[in-house]
Amino acid sequence: MAGAYATFNHITDYMGFEGLLSDEEKMVREAARDFVNKEVLPIIEKHAQDQTFPAHLIKKMGELSFYGPSLPEEYGCAGLSNVAYGLLMYELERGDSGLRSFCSVQGSLVMWPIYAYGSEEQKRYWLPKLAAGEVVGCFGLTEPDFGSNPGGMLTKAVKEPGGKWRINGTKMWITNGTVADVAIVWAQTEDGIRGFLVEKGTPGFSAPETHGKWSLRASVTSELVLEDVIVDEAKSLLPNVKGLKGPLGCLTQARYGIAWGALGAADASYQCALDYALNRIQFDKPIAAYQLQQEKLAWMVTELTKGQLLVLQLGRLKDAKKFTPAQVSMAKMNNVNVALEICRKARTILGANGILDEYPVMRHMANLESVYTYEGTHDMHTLIIGQEVTGLPAYR
Amino acid sequence: MKILVALKQVPDTETKVKVAADGRSLDPTDVKWITSPYDEYALEEAIRLKESAQAEVTVVTLGDDKGKDVLRNALALGADNAILLKGDGQGDAFAVASALAAFAKDKGFDLILAGNKGMGGDNSAVGPMLAELLGWAQANVVVKLELSGATFRAEREIEGGSEAVEGSLPAVITAQKGLNEPRYASLKGIMAAKKKTIEEADATGLPAASAWSALTLPPARPEGRKLEGDAASQAKSLFGLLRDEAKVL
Ligand SMILES: Cc1cc2nc3c(=O)[nH]c(=O)nc-3n(C[C@H](O)[C@H](O)[C@H](O)COP(=O)(O)OP(=O)(O)OC[C@H]3O[C@@H](n4cnc5c(N)ncnc54)[C@H](O)[C@@H]3O)c2cc1C
């Protein structure tokens, strides 16, 4: 019985957060919430236990325009505000971080770079299909020896005669890799780092799945292996960006969504813990009546509330095109960190039940361990903020 | 073809209902309002007819400003036009039916779809009254609807079986669970709804024929009881309780 405690109808709203949303933003949240309650919560524990992604939802989410929804309508997208997009991520991750990761990758790490760096033909060809969920994409930046420091990547693309490129290298920890129809592969060239669209089935390209994860178990993670892969320049090379700022620009988009999403997982765990604490009787009283448990609940709801207001302000800045990547770093760093801590505290409130899949808490907690690390580790974002305020980079 | 869908805004089933101080109305604080689920089937059927038969779908609700939420939601799902009839949408069924009839009359609708009842109130009265006031054919509690030309064929659930009703348009059809599976609002639909406007008009029609005189909540459920003693004596007292108190044995 998955998530008996997870179908709460209301977002946790301590500080009048909902009152700050437009009608359309509220509707987006409700639509996503409805979808998650009916389509995700009943099945997600089993998928996490079985280590499978709920692939039957890919098309459905496309029909609801969940992929790249803030990109323009002319490419088959919904043209949402950034705040509405954030609310979508919040609700999806209230379901599962794996589901939100799928959408983050498809929208922010695949559709966004095609939109921002691609040729008009590439945009017209790929964006409508990706928006509809007819094809799946993945984003290959991280390598076995280059994680936090992707600028050192070894994957190499060399220009060949006849408008072709030859790519060699290995990517690791790539979400959706095995199921993707197209990979965005970042590689060193004579001109610095460039992005390439590599289609599934291209000779020399394979994407074996990574097994044995205790986190993001309802999400596919893979290696990308490129051995003398030959691609066509016009089809494959993203023409409009050179250098590390290409992939970093995508990550800024995705991190923005993650800062919202992590709170969804935290909200689910907080509500579950609150409900549990009110109903669990020990020593003749609900455990919610004891100061130690109240301290946890008070901390959880306070951090959740602060996190909501932080991302809302960031979203408003982003809608006004006035945000900086360092601001996104703060939101990602803070919100994922507090979300993970909220889930851990929730786990303790549930006692032994906290480790069971009858409650969503431990799944969310384990998921957030990945979220804490991917898209720039907590530490790296701390150092980015440190650099922002001191002017001194401490990570190299 | 022109279709009108009548939508009612009702308290969410998850709302903990409280009686207001007057003892005969609902305390609106903390109530979350939603579209009555039976009306969602009606709306879905209308949108499917829009897709299969190019129908134009108008949605109407009787209520106050917050009624715009159900209209906006209907626009996001694919309705073409939306009208807020300003008046009391929560009270007497006859007054509601007469306001809807006054609005719908002479507008050239071929079909009015509504839920077979408003969730919570459960009167099942507005649809049939509306048909009578308009002098139209009707079929209620419908689980399957087919239109051809100026006629309809509706299947309805009856005790122990189903019944098919045929009639001519214009008609009022009230929807039952099973008629269809309502879709989710897509984000594109929500954005498209932003560009549509909600018209407003004051409700006209006949005055209420009845009013709520009292509203009471069911008595609180007694607390669970714990049986004491060893297994044998627990079984004995359980047997006694089932026989003498619950009277199920
Ligand atoms: C489930 C999952 C999915 C992922 N999906 C993708 C994907 O789709 N595409 C993709 O490209 N990547 C993906 N990643 C990879 C992810 O982005 C990297 O794991 C992340 O960037 C960290 O790299 P690393 O694991 O190599 O850790 P490392 O960089 O080796 O870091 C290890 C530790 O050292 C710390 N550290 C590193 N450098 C410094 C420094 N200068 N100063 C202080 N501390 C430092 C880090 O904070 C961390 O604590 C995914 C990862 C996971 C777990």
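Here are two short exercises on a predicted model, each with a worked solution.

Local features need pLDDT of at least 70, side-chain atom pairs count only at pLDDT 80 or more, and totals for chains, interfaces and linings use all residues. Residues are numbered from 1 along each chain as written, chains are lettered from A in the order written, and side-chain values use heavy atoms, without hydrogens and water.

**Exercise 1.** Work out how helix α4 (residues 82-95) of chain A crosses helix α11 (residues 361-373) of chain A.

*Solution.* Start with the axes, which are lines fitted to C-alpha atoms over the stretch in contact, with angles from 0 to 180 degrees between N-to-C directions. Helices here are DSSP runs of H or I with at least four residues, and strands are runs of E with at least two. The two axes come within 10 Å and cross at roughly 125 degrees. That makes α4(A) oblique to α11(A), since angles under 35 degrees count as roughly parallel, over 145 as roughly antiparallel, 65 to 115 as roughly perpendicular and the rest as oblique.

Next, grab the contacts (heavy atoms within 4.5 Å). Glu93(A), Arg94(A) and Gly95(A) in α4(A) touch Arg363(A), His364(A), Leu368(A) and Val371(A) in α11(A).

**Exercise 2.** Trace the open sheet of chain B and find its edges.

*Solution.* Strands pair if DSSP finds at least two bridges between them. The 9 strands run β9-β8-β7-β10-β6-β1-β4-β5-β11, with mixed pairing. The edges are β9 (161-168) and β11 (198-202), each pairing on one side only. Now zoom in on β11(B): β5 (residues 81-86) of chain B pairs with β11(B) in the parallel sense over 5 bridges, and Leu85(B) has Ala201(B) as its bridge partner.
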